[in-house]
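Reader: Could we go through this structure together, please? I would like to ask about one part at a time.

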Amino acid sequence: MNLPSDFILRTRELLGDVEFAALTEALEKDTPVSIRMNTDKCGLVPLESTSVPWCREGYYLSGRPSFTFDPLFHAGCYYVQEASSMFLEQALRQYVHEPVTMLDLCAAPGGKSTLARSVLPEGSLLVANEVMRNRSQVLAENLIKWGNPGVIVTNNDPADFTELGPLFDVILTDVPCSGEGMFRKDEVAVQEWSIENVDTCWQRQRRILRDIWPCLKTGGLLIYSTCTYNREENEDNVAWIAQELGAEVLPLETQPDWRITGNLTGTEFPVYRFLPHKTTGEGLFLAVLRKTADEPAVSVRTKTGGKASKKGKGGKVVALQVPKEMKAWVQGAGDYVFEVNDSEAMAFPAAYKDTYDLLKSQLRILHAGISLGELKGKDWQPSHALAMSTVFERDSFPMAELTYSQAIAYLRKEAVVLSPEVPRGYVTLTYQGQVLGFAKNIGNRANNLYPQEWRIRSGYLPEIIPDLFG
Ligand SMILES: C[S@@+](CC[C@H](N)C(=O)[O-])C[C@H]1O[C@@H](n2cnc3c(N)ncnc32)[C@H](O)[C@@H]1O
């Protein structure tokens, strides 16, 4: 790998000659492949895999299957995630024991958000935000597929949150960085690296932290992470948060055989560095801080949102209600509030209704709770998000199990022909018992309701069917 000369100088100074030589050697090796299971959907263990030691549901695979052509990937049964990133689990398991409201501020494509959603205590709410519009769509897609109902996805700049005041118990800032830890995976990160860019990054990171700091409750946790090695974006920023914003840095329990590296700057506080020549994964830096500074409570006025309505007889405007039969599509319906926004019916965890209303009044929301369905004429058409939800009541519609080639055709949004005994109307389609989505069976064929923008675009079909679980 052709490393920039300034990167070599600086990183050798940080790590020392021996460690730096070992790092460059590791960068010539293949990137390990790892996935994390979604046990809310399926409890399978991948074949020929080994466990990621710091993550209960993380597994290293022996090769890289074609995930795109695995229907279970599209069903949200697992997420393909670089193993070092899964270390976030330790911060959450060791410090979060009660239901919390958590913000993942720089969340796309959603690796750490889906992990957080699996690890947070039941009854928690996760707000996952991404500032870049196109990346926020991918974030929403990945969280919808993961299926947990306690999620809001937003598309905002960190500064848009500031006025909300201390709303969050936990904030994760997995900040945009110079990406030195991704050199092995991403050739562009090598090409774009420069000292000037490192400077731009640490300054941007401080701006992001300053903007979001008022949103963290006093006593709340800030988890700060990057995928870069240099001290400016790492230890120096952690020291700055502690001193300038007011926080203490917290230790995490780790095992010696995880071979995690600590603080490289001679300062006392604990931080966690994953270096590819020591730990099987890419470069990661993570620190956990507890906010000590007092944050005055700010009262934010909620702008009243427009209610969904349609003209009744005589021109009167009537609010649309979610029909009773639709509420039965959700398990534990009593724990949710139901509403119609425009022509979309949705359910949201009742415990967080106020937070949802507040965020709705201030931020651009892409997804919240469970989208149940859309009014098409007089007909409520179940939404794909409902099919993906972990609280979808499977008895709501007849089910049809697809073969592998039918499943791929469905995921390509091609027409599907179901066997004659499948009833007409909306049908839940499954593959190996996992829900893939809905179709409307009209007899001689079934209308494919898979989201157009999520379809598999490639016409190629691998010779070997990806079979991760046997
Ligand atoms: C390291 S990536 C996040 C990866 C993600 N947490 C995951 O685990 O899948 C950083 C994210 O920050 C976003 N970002 C870029 N500029 C930003 C800014 N000024 N404020 C907040 N986020 C920004 C990027 O678009 C990117 O999605």
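Reader: In what order do the strands of the open sheet with mixed pairing come?

Author: The order is β20-β21-β22-β23, so named because strands (E, at least two residues) and helices (H or I, at least four) are DSSP runs numbered from the N terminus. These four strands form an open sheet with mixed pairing. Two strands pair if DSSP finds at least two bridges between them. Before we continue, please note that this is a predicted model, in which local features need pLDDT of at least 70 and side-chain atom pairs count only at pLDDT 80 or more, while totals for chains, interfaces and linings use all residues. Residues are numbered from 1 along each chain as its sequence is written.

Reader: Which are the edge strands there?

Author: They are β20 (399-401) and β23 (446-448), each of which pairs on one side only. From one strand to the next, the twist averages 40 degrees. Axes here are lines fitted to C-alpha atoms, for helices over the stretch in contact, and angles run from 0 to 180 degrees between N-to-C directions.

Reader: How many bridges are there between β22 and β23?

Author: There are three, and strand β22 (residues 434-441) pairs with β23 in the antiparallel sense. One residue pair to look for is A439, whose bridge partner in β23 is N448.

Reader: Which helix lies across β22?

Author: That is α13, which lies across β21, β22 and β23 and runs at about 70 degrees to β22.

Reader: And what is the order of strands in the antiparallel open sheet?

Author: Its four strands come in the order β15-β16-β18-β19, with antiparallel pairing. The edges are β15 (336-341) and β19 (379-382), as each pairs on one side only. Here the twist averages 25 degrees from one strand to the next. Between β15 and strand β16 (residues 344-349), which run antiparallel, there are six bridges. Y336, for instance, has P349 as its bridge partner in β16.

Reader: What holds strands of a sheet together in pairs?

Author: In general, strands of a sheet pair through backbone hydrogen bonds, either parallel or antiparallel.

Reader: New topic: which residues does UniProt list for "binding site"?

Author: The unreviewed entry lists C106, A107, A108, P109, G110, G111, K112, E130, D157 and D174. UniProt positions are given in the numbering used here, feature names are shortened, and annotations may be inferred rather than shown by experiment.

Reader: Is A107 buried or exposed?

Author: A107 counts as buried because it has 28 C-beta neighbours inside 10 Å. The cut-offs are 20 or more other C-beta atoms within 10 Å of a residue's own for buried, 12 or fewer for exposed, and in between for partly exposed, with C-beta atoms placed from the backbone. A107 lies in the loop between β5 (101-104) and α5 (111-119). Leaving aside neighbours within four places in sequence, A107 is in contact with K112, S113, A128, N129, E130 and L139. Contact requires that the two C-beta atoms, placed from the backbone, lie within 7 Å.

Reader: Where does D174 lie?

Author: D174 lies in strand β8 (residues 168-174). D174 is buried, because 22 other C-beta atoms are within 10 Å. With neighbours within four places in sequence left aside, its contacts are C106, K112 and S225.

Reader: Which residue does the "active site" annotation cover?

Author: In the unreviewed UniProt entry, that annotation covers C227. C227 is found in the loop between β9 (216-226) and α9 (235-246). C227 is buried, since 27 other C-beta atoms lie within 10 Å. Its contacts, apart from neighbours within four places in sequence, include C177, G179 and E282.

Reader: What about unusual backbone: which peptide bond is cis?

Author: The bond from A108 to P109 is cis, with omega near 5 degrees. P109 is in the loop between β5 and α5. In general, most peptide bonds are trans, and most residues other than glycine have a negative phi.

Reader: What is the phi of R259?

Author: R259, although not a glycine, has a positive phi of about 55 degrees. R259 is found in the loop between β10 (247-250) and β11 (272-274). R259 is partly exposed, because 14 other C-beta atoms lie within 10 Å.

Reader: And where is K413 found?

Author: K413 is in the loop between α13 (404-411) and β21 (425-431). K413 is not a glycine, yet has a positive phi of about 65 degrees.
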